[in-house]
Amino acid sequence: MSEQANQQPDKPKPTSSKQAGKEQVINLYQGSKRIHPKLAKGRFANWRVVAIFATQFVFYVLPWLNFNGRQAVLFDIPDRHFYIFGLSLGTGDLIYLSGLLIVSAFGLFWWTTIAGRLWCGYACPQTVYTEVMLWIDHLVEGDRNKRLKLEKSPWNFTKIRIKATKYLLIFAVCAWTGISFAGWFTPIREFVPNIFNGTANAAPMIAAAFYGFMTWLMAHMMREQVCKYMCPYARFQSAMFDPDTLIISYDEERGEPRGARKKNMSKEESGLGDCINCTMCVQVCPVGIDIRDGLQYECIGCAACIDACDEIMDKMNYPRGLIRYTTEAALKHQYPEAQIKKRLLRPRVVGYGLFLLAAVSALLFGLSTRDSLKVDIIKDRGVMVRENKQGRLENAYNLRVVNYGEEEQIVTATVKGFDDIVLTGLPEEGLRVPPSETLTVPVQVATYPEYADKGTHPIEFTFKYRKAAETPEVAAELIEKSSFVGE
């Protein structure tokens, strides 16, 4: 019996006349059996391995790299500072996070329109960690047939040993994944030793435990159920598909009628199509669907069925491509498959591409022109206008300076708004702001009463800042507007 038949829900039994009048219970959710996919081998499986290693290299290794004497990539939430190699961002730069999300969204739309769910099949964390768990299953328990046999066997010492070994490896992967996740938000070179000597802070420990637990729950326990029932992308992807989108398809015209036959029997003798109904495409599918039933929202585009089918076609001496990447329009012979590449420049692809280009350009322009220092001048509402020792009217302000750079900066300030106005509270040589720090300094602005009558008067602060190693001639300038309250 095929795997597809094994995975279909049981048909409801007919209701007898005696039961017709009785109350019946209808289950709204049909429980699913554990899927044990066969390990696929082939060109697409190799590309998937490359993608997994590339993404996990970034995730596991990047936090361990140093840059300018600090962790190269660190999202320091307690200090509200984010470091990405030479880029240093603070809370005032959260607008760039919005830009990054917009770029990611349009990038996903653009790529999905071109090539379907390649993100899901090759780079999505759910797919990646599910694949890692399947590797562990295959390593410890064996291939699909051995795993099915083990599941049906009674509990004994051998089964307990195998299961214990598997769960030990799964625990190690999930634990290290959680620790690596926390290492993006706390210095990992300090965090890891502190775990083992019992001095690690509670917040990163909770984050590591939670992420490790979710890795186990999603990737090992739920697996394909996440893609089928929880992922919203599977539901709205059809809005981005069109007849020219590359999808994994079964060539029904070539494959039907399907059926078993001897290896050396020609198709003319058998009267059958190229599909020998071996169900290998179903057995390797990580979500347990039959691609021969057509495009389904559960399909994650991993191409395991292509590798499996190509292997069978080679054994039968049939041409490859019974299951392949193609488009709906090409399958319907609206144009030759050789022209698929020419269909890339269609209005939807160009539209998404232009939006993506605009979003990337705006993000890069904003990052390249952003100031490395931010200044806020805040009126001190707790201090009323007062007369100082020189007979001037004086207002109090709080100067908040944020240094986003990684070098000490020197800030000087002047103020204008009256013919005679004085700013006090800052050192004559300038305020020294340490790298990646925020300083709040009280300052005072004063003028004579004849210039500031009763009411509110606009004034303007000019701030000049430069790196401590630079000369005053290269200082950048910021202007902030405020108000002065007269007597």
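**Cysteines, one helix and some membrane spans**

Hi everyone, let's start with Cys 275: this residue is buried, at 7% relative accessible area (buried is under 20%, exposed over 50%, partly exposed in between, with a 1.4 Å probe and protein chains only). The model is predicted, so local features need pLDDT of at least 70 and side-chain atom pairs 80 or more, while totals for chains, interfaces and linings use all residues. Residues are numbered from 1 along each chain as its sequence is written, and side-chain values use heavy atoms, without hydrogens or water.

How many disulfides are there? The count is zero, taking a disulfide as two cysteine sulfurs within 2.5 Å. Cys 275 has its nearest cysteine sulfur in Cys 278, 6.5 Å away. Cys 124 is buried as well, at 17%, and its sulfur forms no bond because the closest one, in Cys 120, is 5.7 Å away.

Now for helix α3, residues 94-115 (helices are DSSP runs of H or I, at least four residues; strands are E, at least two; both numbered from the N terminus). Its 22 residues should span 32 Å, and the end C-alpha atoms are indeed 32 Å apart; the expected span is 1.5 Å times one less than the residue count. Among its buried residues are Tyr 96, Gly 99 and Val 103. The buried residues pack against β5, α4, α11 and α17, with contact meaning heavy atoms within 4.5 Å. Right after α3, Gly 116 has a positive phi of about 65 degrees.

Finally, an unreviewed UniProt entry lists transmembrane regions including 167-186 and 198-219; such annotations may be inferred rather than shown by experiment. Residues 167-186 are 80% helix, with end C-alpha atoms 28 Å apart. For residues 198-219, the values are 82% helix and 29 Å.
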